[in-house]
Amino acid sequence: MEVAVWKKTSKSAIIDAVNVSGGGKNDILLDGATGSNLTKAGMPKGISTEVWTLEHADILVGLQKEYLAAGSQIVYAPTFAANRISLSNFGYEDRVEELNTRLVALSREAVGTGSGLIAGDITTTGKMMEPK
């Protein structure tokens, strides 16, 4: 499996990229309410959103294309809880790399060759952690 290598990008480089796609303004439009829209599309509660999204990829790709058509310059990859601790609630803790890679690929499909950008999306795990 190919692993994406991320390089540090300056804030100004991101703004420049957005300005090109957004008509030269310093405003950045991102998508929003993806989880709510996935629920409206039939995603049940109490399951792994990440796995459901992969099983219903057409829903996510269509939604992200709608965000881009509405003016979003950045879409969030649906990686919100794709971490080892959160995925362990569903028995998927050994699939972190695979799920993140595939979920980002879906967002790349939605963006296509357009000028939209993709941002990773992460949340807390919901677990208390002891300091080291």
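Select serine 107 first; this residue lies in helix 6, which spans residues 96-111. The model on the screen is a predicted one. Is serine 107 buried or exposed? Its relative accessible area is 0%, so serine 107 counts as buried, the cut-off for that class being under 20%.

Next, display the side chain of glutamine 64 together with that of serine 107. A polar contact of 3.0 Å joins these two side chains. Which other residues does serine 107 touch? With residues up to four places away in sequence left out, the list consists of Gln64, Val75, Tyr76, Ala77, Pro78 and Ile118.

**The pair of helices**

Now select helix 4, residues 57-69, and keep helix 6 in view. Two packed helices are described by the angle between their axes and by the distance between the axes. Here the axes come within 8 Å and cross at roughly 45°. Helix 4 and helix 6 are therefore oblique to each other, and their crossing is right-handed.

To see what makes the contact, colour the participating residues. Helix 4 contributes Ala57, Leu60, Val61, Gln64, Lys65 and Leu68, while helix 6 contributes Leu106, Ser107, Glu109, Ala110 and Val111. Gln64 and Ser107, the two residues whose side chains are joined by the polar contact, are thus met again in this contact between the helices. How do the residues of the contact divide by type? There are 7 nonpolar, 2 polar and 2 charged residues.

**Strand 1**

Move on to tyrosine 76, one of the residues touched by serine 107. Tyrosine 76 lies in strand 1, residues 74-76. Its relative accessibility is 29%, so tyrosine 76 counts as partly exposed. Show its surroundings: apart from neighbours within four places in sequence, tyrosine 76 is in contact with Leu30, Asp31, Gln64, Ser107, Ala119, Gly120 and Asp121. Gln64 and Ser107 therefore appear once more, as both touch tyrosine 76 and Ser107 is the buried residue of the opening stop. Then select isoleucine 122, which is 46 residues from tyrosine 76 along the chain. The C-alpha atoms of tyrosine 76 and isoleucine 122 are separated by 9.7 Å.

**Two further stops**

Go to alanine 33, in the loop between helix 1 (11-22) and helix 2 (34-40). What is notable about its backbone? Alanine 33 has a positive phi of about 65°, although it is not a glycine. With a relative accessible area of 49%, alanine 33 is partly exposed.

Then select glycine 126, in the segment after strand 2 (117-119). Its relative accessibility is 70%, so glycine 126 counts as exposed, since that class begins over 50%. Add serine 86 to the selection: glycine 126 and serine 86 are 40 residues apart in sequence, yet 7.8 Å apart in space, C-alpha to C-alpha.

**The whole chain**

Finally, zoom out and colour the protein by secondary structure. How many helices and strands does the protein have? There are 6 helices and 2 strands. Starting at the N terminus, these elements run α-α-α-α-β-α-α-β. Of the 132 residues, 30% count as buried. Among contacts between residues at least 6 apart in sequence, 71% join residues at least 24 apart.

Technical notes. Residues are numbered from 1 along each chain as its sequence is written. This is a predicted model: local features need pLDDT of at least 70, side-chain atom pairs count only at pLDDT 80 or more; totals for chains, interfaces and linings use all residues. Side-chain values use heavy atoms; hydrogens and water are left out. Helices (H or I, at least four residues) and strands (E, at least two) are DSSP runs, numbered from the N terminus. Buried means under 20% relative accessible area, exposed over 50%, partly exposed in between (1.4 Å probe, protein chains only). A polar contact is a pair of N or O atoms within 3.5 Å; within protein, one must be able to donate a hydrogen and the other to accept it, and residues adjacent in sequence count only if both atoms are side-chain atoms. Contact means heavy atoms within 4.5 Å. Axes are lines fitted to C-alpha atoms, for helices over the stretch in contact, and angles run from 0 to 180 degrees between N-to-C directions. Angles under 35 degrees count as roughly parallel, over 145 as roughly antiparallel, 65 to 115 as roughly perpendicular and the rest as oblique. A crossing is left-handed if the near helix is turned anticlockwise from the far one by less than a right angle, and right-handed if clockwise. Ala, Val, Leu, Ile, Met, Phe, Trp, Tyr, Cys and Pro count as nonpolar, Asp, Glu, Lys and Arg as charged, and the others, Gly among them, as polar.
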